[in-house]
Amino acid sequence: MTTLLGKTILITGAASGIGARTVELAGQLGADVIGVDIRLPATPGGTFVKADISTKAGVDELAAKLPVRIDALCNVAGLSGKTGAIPTLSVNFYGLRALSEALAPKIREGGAVVNVASMAGFGWQANLNRAISMVNVEGFPDVAKVVADHQVKNEECYPVSKELLVLWTFRAAHQALFKGRGIRVNAVSPGPVETPILTQFREVLGDQRVDSDIARVGRAGTPADIAPVILFLCSDAARWINGVNLAADGGLEASVNAEVLGF
Ligand SMILES: NC(=O)c1ccc[n+]([C@@H]2O[C@H](COP(=O)([O-])OP(=O)(O)OC[C@H]3O[C@@H](n4cnc5c(N)ncnc54)[C@H](O)[C@@H]3O)[C@@H](O)[C@H]2O)c1
């Protein structure tokens, strides 16, 4: 693993699961870490900033508190969908995007944004028209209106949020705000990972879906399987990687692709 010595890395979702492990590993690799979460972490690493990215005010307040120079932003915070479409789309997509856009001027030339999407966003191509329309709503919108306009049901809001995130990652990688400053924008898509959110996925998606995904690849992932992938994309070793959605899922996406494509 390449060193992150001297880099300032901002990691949302720092209090739990994948974000907490990413904070720990980034520190071990020499980064100056700024963790962000709505909850306090049990064991804070580096600097911690408490913030709520589900509202425009929360994002603006956070952006104003952050230093002028950041090397990478890891958008890890997320909701499972259990609390409904409005909070889920606010955190998993519109808040994440607003934070990334607000911080772009603070990210150094050659820096990186890494979005934690999900295998749950696999349907972005099948649902392309809706995803494009929802991504095209600019800024931090009235999310209740977006949900109503696009008839997003609570039970589908998590996959929808990740479909938007995958699509926006492709777009942002080519937008002047990022590309014009040499900032790479990539996504990591985990399959099921043993964290507190997985219990909620079982409630939202059903045990059968989660268990069948785990059975396809032999085990659930752990935060330690995902954190190095996120940090690789932050590092200079990934300097020629831009606009990809990297599956970190033990082969789950490949298995589903083989089934869908019939080979
Ligand atoms: N665990 C999995 O199976 C899995 C699979 C695919 C993708 N993911 C994604 O990985 C990311 C991390 O999830 P995790 O598994 O570590 O879950 P987790 O529940 O352990 O961590 C999510 C963190 O996000 C924080 N958060 C939620 N709302 C926030 C807000 N408004 N402002 C700031 N922070 C907020 C939570 O407090 C929590 O610490 C999420 O984006 C999730 O969708 C997880």
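At 65% relative accessibility, above the 50% limit, Gln-151 counts as exposed in this predicted model. The residue is placed in the loop that links helix 5 (143-149) to helix 6 (157-172). Its backbone is also of note, since phi of Gln-151 is near 50°, a positive value in a residue other than glycine. Most residues other than glycine have a negative phi.

The overall fold was then examined. The secondary structure of the protein consists of eleven helices and seven strands. For a chain of 263 residues, a compact globule would be expected to have a radius of gyration near 18 Å, and the value of 17 Å computed for the protein therefore agrees with that expectation. Along the principal axes, the C-alpha atoms fill a box of roughly 45 × 40 × 35 Å. Buried residues account for 53% of the 263 residues. Among contacts between residues at least 6 apart in sequence, 77% join residues at least 24 apart. The accessible surface of the protein amounts to about 11500 Å², and 55% of this area belongs to carbon and sulfur atoms. As to charge, the protein carries 24 positive and 25 negative charges, whose mean positions are separated by 5 Å.

The interior was analysed in terms of nonpolar cores. In soluble globular proteins, nonpolar side chains tend to be buried together. In the present model, the largest nonpolar core comprises 48 residues, and those with the most contacts inside it are Leu-89, Tyr-94 and Leu-164. Helix 3 (residues 85-103) gives the most to this core, contributing nine residues. Another core, of 28 residues, lies apart from the largest one and includes Ile-9, Ala-26, Val-33 and Val-193. With residues up to four places away in sequence left out, the contacts of Leu-89 are Tyr-94, Met-134, Val-143, Val-147, Val-152, Val-160, Ser-161 and Leu-164.

Several glycine residues were considered individually, beginning with those of helix 1. Gly-17 is located in helix 1 (residues 17-28), and Gly-19 is found in helix 1 as well. Gly-19 has a relative accessible area of 1% and is therefore buried, the limit being under 20%. Beyond its neighbours up to four places away in sequence, Gly-19 touches Ile-11, Thr-12, Gly-13, Ala-14 and Val-76. The C-alpha atoms of Gly-19 and Pro-223 are separated by 7.9 Å, although their positions lie 204 residues apart along the chain when counted as sequence separation. For Gly-17, the contacts outside four places in sequence are with Thr-195 and Pro-223. Gly-17 and Glu-194 are 177 residues apart in sequence, with a C-alpha to C-alpha distance of 7.9 Å.

Gly-35 belongs to strand 2 (residues 32-37). Its relative accessibility is 1%, so Gly-35 counts as buried. In sequence Gly-35 and Ile-11 are 24 residues apart, whereas in space their C-alpha atoms are 5.0 Å apart. Ile-11 is also one of the residues that Gly-35 touches, together with Ala-14, Thr-47, Phe-48 and Val-49, when residues up to four places away in sequence are not counted. Ile-11 and Ala-14 appear likewise among the contacts of Gly-19.

A further glycine, Gly-221, occupies the loop between helix 9 (207-217) and helix 10 (223-234). Despite this loop position, Gly-221 counts as buried because its relative accessibility is 15%, under the 20% limit. Its contacts, not counting residues up to four places away in sequence, are Pro-192, Val-193 and Glu-194. Of these contacts, Val-193 is a member of the 28-residue core described above. By contrast, Gly-221 and Leu-165 are 56 residues apart along the chain, and their C-alpha atoms are separated by 21 Å.

How values were computed:
Residues numbered from 1 in each chain as written. Predicted model: local features only at pLDDT ≥ 70, side-chain atom pairs only at ≥ 80, totals over all residues. Heavy atoms only, no water. Helix = DSSP H or I, 4+ residues; strand = E, 2+ residues; numbered from the N terminus. Rg over C-alpha atoms; globule rule 2.2 N^0.38 Å. Buried < 20%, exposed > 50% of the residue type's maximum accessible area, 1.4 Å probe, protein only. Contact = heavy atoms within 4.5 Å. Areas by Shrake-Rupley, 256 points an atom, 1.4 Å probe, with all protein chains shown as cover. Lys, Arg positive; Asp, Glu negative; His and termini not counted. Charge placed at Lys NZ, Arg CZ, Asp CG, Glu CD. Core = buried A, V, L, I, M, F, W, Y, C linked by side-chain atoms within 4.5 Å.
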